[in-house]
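Here are a few points I jotted down while going through this one. Have a look at the model first, then compare notes with me below.

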Amino acid sequence: MEERQAGGREVFPINRNWLYGGELLVEDATAPEFDDSAFARVTLPHTNRLLPWHGFDDKDYQFVSIYRRHFTPPPGLRGRRVFVDFAGVMTAATVWLNGARLGEHRGGYTPFSFELTDHLDPDGENLLAVEVDSTERDDIPPFGGRIDYLTFGGIYREVALRAVAPVFIANVFAKPVDALADSRRVEVRAFLDGLRRADAPQGPLTLEAELRDGGRVLATARRTVAAEDAGADGALDLTLADLGDVALWDLDSPRLYEVVVRLLDGEAAIDEYATRIGFREARFTPEGFFLNGRRVKLRGLNRHQTFPFVGGAMPARPQRRDALILKEELACNMVRTSHYPQSPHFLDACDELGLLVFEEIPGWQHIGDAGWQDLALRDVEAMIRRDWNHPAIVLWGVRINESRDDRDFYARTNALARVLDDSRQTGGVRNFFDSELLEDVFTINDFNPAELRAPNHPRYFNTEFVGHMFPTKHGDNVERVQEHVLRHATVHDQLGLDDRYAGGLGWCAFDYNTHADFGSGDRVCYHGVCDIFRIAKPAAGFYASQRDPAAGIVLEPAFGWALGDRSGGGGPGVGVICSNCDRLKLYIGDELVDEIAPDRERFGHLPYPPFVSDKLVGLWGQPWRDLRIEGYLDGELVAERRLAADGVDRGFYATPDDAELIGDGSDATRVVLRVTDAFDNPRPFATGAIALALEGPGEIVGDNPFALVGGVGAVWVRARERPGLIRLRATHPVLGTQTVEIAVRPAPPEAC
Ligand code: GAL
């Protein structure tokens with residue numbers, strides 16, 4: 001969540017007006033006097049190179065580049081400490097202020113700060129220069145071996161200046177304890193910086209904490225601050241108790257509260273730090289996973305944070321949208337941030353939506369030398385300190401994904417996680433069963449779940465399956481597309497076999513760009529139940545259909561309606577339909593050809609088993625008629641779906657996710673392009689170059705023209721730094737033009 005400005009603290013975002021010089025070719029580009037007039041003006045989040053959505057070389061973005069930001073600080077900073085906070089730079093950043101080198105941060109997934117105070121001119125112009133190394137350096141996790149994903153490059157998350165008093169609150173861990181009992185409380189640990197400085201206030205300071213529900217203060221606690229009481233890291237504890245009844249954070253009601261910690265000098269607040277929390281109890285036990293005392297079967301997917309064209313450099317809105325897709329479209333109750341700490345915006349949305357998170361450190365199979373391992377330890381610490389207040393996060397992943405056992409290393413990562421946060425369990429993803437378990441949960445990528453050996457592994461949690469075993473594209477043959485659905489369904493069914501299995505996270509939510517050693521021939525892993533544009537494939541229908549019908553009826557055929565796509569011809573023959581109805585009637589033309597119940601024989605352990613009909617046949621070469629599917633619940637018709645037999649592209653849609661953007665130069669929304677049959681169904685073989693024309697205060701992020709792939713695709717529209725109306729015209733070669741309007745609201749200016 002956003003840091004609030006209060007007490008002595010002021011936060012000044014500096015995301016606009018960066019000057020980007022591209023590949024760094026000269027030594028002195030970090031010097032204040034360097035002539036940067038030829039640099040491009042860019043806004044963060046920024047990718048060091050715009051790329052096609054597939055078929056490019058990772059070497060295209062692997063270079064060292066230079067960013068410069070001139071600024072005159074807002075008034076009032078004299079006598080205060082000033083920091084620059086980077087939310088994430090891929091992969092290493094060396095930072096200079098006014099020619100003074102402040103240091104290098106290695107690692108692209110965790111935030112870092114440098115203190116500027118000693119080199120800052122509070123009244124004049126300053127120059128922040130950042131040398132960004134986006135090469136795959138062997139000394140930095142996840143690199144050193146091979147990895148099945150791309151990391152991209154640039155200052156791809158936000159940056160801010162932060163002005164604070166000489167003594168300030170550097171971090172707060174507000175830990176709900178005994179959430180289900182009358183003794184529930186919040187143990188607040190505030191980390192103070194500067195207590196022993198010469199310019200620290202002389203008189204005793206007071207630390208005050210409040211639990212708030214909107215404007216209401218539910219509990220307060222105070223203590224005096226003595227430097228001797230603080231730990232080496234400036235930690236001081238307070239307890240918010242006697243809370244009375246609080247609403248729990250749960251999947252369907254993700255209730256959030258606020259904890260505000262204030263540092264007072266006399267009665268004057270010299271700093272204030274606010275964070276959100278939720279009261280919930282989450283435990284993996286030998287009897288399964290329990291949330292708030294209730295057994296919950298975990299059903300979710302893995303997510304890579306990368307997007308087409310810009311890699312990781314998407315602003316808050318599309319990051320948040322991913323959480324919405326997982327929770328609302330895919331009805332997941334959990335996501336794994338494979339294989340690194342992801343955008344804070346994404347995690348905020350998980351908190352707000354009630355989507356559980358398994359977050360893990362960067363890495364993929366390879367364990368490096370002692371220095372590399374120290375950085376991985378640093379990542380454990382940075383991840384936990386950044387994210388410990390998110391109620392959505394219920395498990396810390398403290399192993400390098402799919403690495404070999406390494407007792408010393410993993411004893412350290414586990415011990416560190418437990419010292420920092422004793423309220424969450426640890427996991428760590430392995431891919432072999434006889435692995436030494438140093439974590440609390442037996443998290444395993446189990447791609448052969450037909451041989452589930454879970455009973456021997458209490459707290460078994462399957463963290464990956466399907467994936468590379470069955471890459472699937474929109475336009476694949478009907479047999480493959482349906483098999484993709486069945487494989488996801490089969491594993492979740494097996495995970496339902498035994499209450500002791502915590503559940504599973506399929507590989508994966510969205511297709512992603514990867515290295516040449518992986519993926520299909522275009523360096524994409526087509527492992528998603530959605531494509532790289534986040535557009536559902538039929539396997540998404542399986543996940544969606546596992547929701548309670550009260551939350552929405554789902555009726556998703558997993559096949560295209562054609563006589564001749566299956567080997568041998570004659571219709572799809574067997575048709576898989578994902579639905580949470582309890583009965584389906586299938587009509588070809590007007591003829592009722594089948595009436596079916598969910599396939600409980602094959603999928604008896606799913607809440608809503610897929611339906612399978614073997615009556616979807618015709619004679620190849622004979623007239624083919626429309627399919628109509630009626631969905632019933634308790635005898636009542638609740639859904640209907642028609643699939644056209646004519647094999648003609650009829651509809652063309654350009655649909656934005658949002659009707660409004662903020663004119664800050666970075667806010668963006670996706671515009672989904674799709675061709676349909678007469679009844680709005682996907683046309684997975686539709687092609688066409690969509691010509692895009694944009695007017696108004698925005699720009700297209702993506703290919704133009706955009707060549708549809710599998711009948712669909714998307715570009716993003718980014719707002720410029722001024723209000724107005726964006727009009728995007730999308731023209732299909734045959735199906736006409738769609739116009740999308742997006743209002744751009746004014747954004748507050750940046751203070752410097
Ligand atoms: C796993 C790995 C993932 C991804 C997946 C593909 O082994 O952990 O990152 O590569 O395979 O199925």
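**Notes on backbone and sheet**

1. Before anything else: this is a predicted model, so please read the points below in that light. I start with some backbone spots and then move to one sheet.

2. Two cis peptide bonds are worth a look. One runs from Ser338 to His339, with omega near -10 degrees. His339 sits in the loop that links β22 (334-337) to α2 (344-353).

3. The other cis bond I'd point you to is the one from Trp507 to Cys508, where omega is near -5 degrees. Cys508 belongs to the loop between β28 (503-506) and β29 (512-513).

4. Next, positive phi outside glycine. Asn292 has a phi near 55 degrees, which is positive in a residue that isn't glycine. You'll find Asn292 in the loop between β19 (288-291) and β20 (294-295). Buried or exposed, this Asn292? Its relative accessible area is 12%, and the cut-off for buried is under 20%, so Asn292 counts as buried.

5. Glu402 is another case: phi is positive, about 60 degrees, and the residue is not a glycine. Glu402 is placed in the loop between β24 (393-397) and α4 (407-420). With a relative accessibility of 12%, Glu402 is buried as well.

6. Now the sheet. It is an open one, made of 4 strands in the order β38-β40-β44-β42, with antiparallel pairing. Which strands stand at the edges? Those are β38 (651-656) and β42 (698-701); each has a single partner strand, so one side of each has no neighbour in the sheet. On average, neighbouring strands here are turned by 25 degrees against each other, ignoring direction.

7. As general background, strands in a sheet pair through backbone hydrogen bonds, in either a parallel or an antiparallel way. For a concrete pair, take β40 (residues 668-676) and β44 (residues 712-719): they run antiparallel and are joined by 7 bridges. If you want a register check, Leu673 stands opposite Gly713 in β44.

8. Which helix packs on this sheet, touching β40 and β44? That is α1 (residues 316-329), and its direction makes about 50 degrees with that of β40. When you open the model, I'd view α1 together with β40 and β44, the strands it touches.

Key
Residues are numbered from 1 along each chain as its sequence is written. This is a predicted model: local features need pLDDT of at least 70, side-chain atom pairs count only at pLDDT 80 or more; totals for chains, interfaces and linings use all residues. Side-chain values use heavy atoms; hydrogens and water are left out. Helices (H or I, at least four residues) and strands (E, at least two) are DSSP runs, numbered from the N terminus. Buried means under 20% relative accessible area, exposed over 50%, partly exposed in between (1.4 Å probe, protein chains only). Two strands pair if DSSP finds at least two bridges between them. Axes are lines fitted to C-alpha atoms, for helices over the stretch in contact, and angles run from 0 to 180 degrees between N-to-C directions. Contact means heavy atoms within 4.5 Å.
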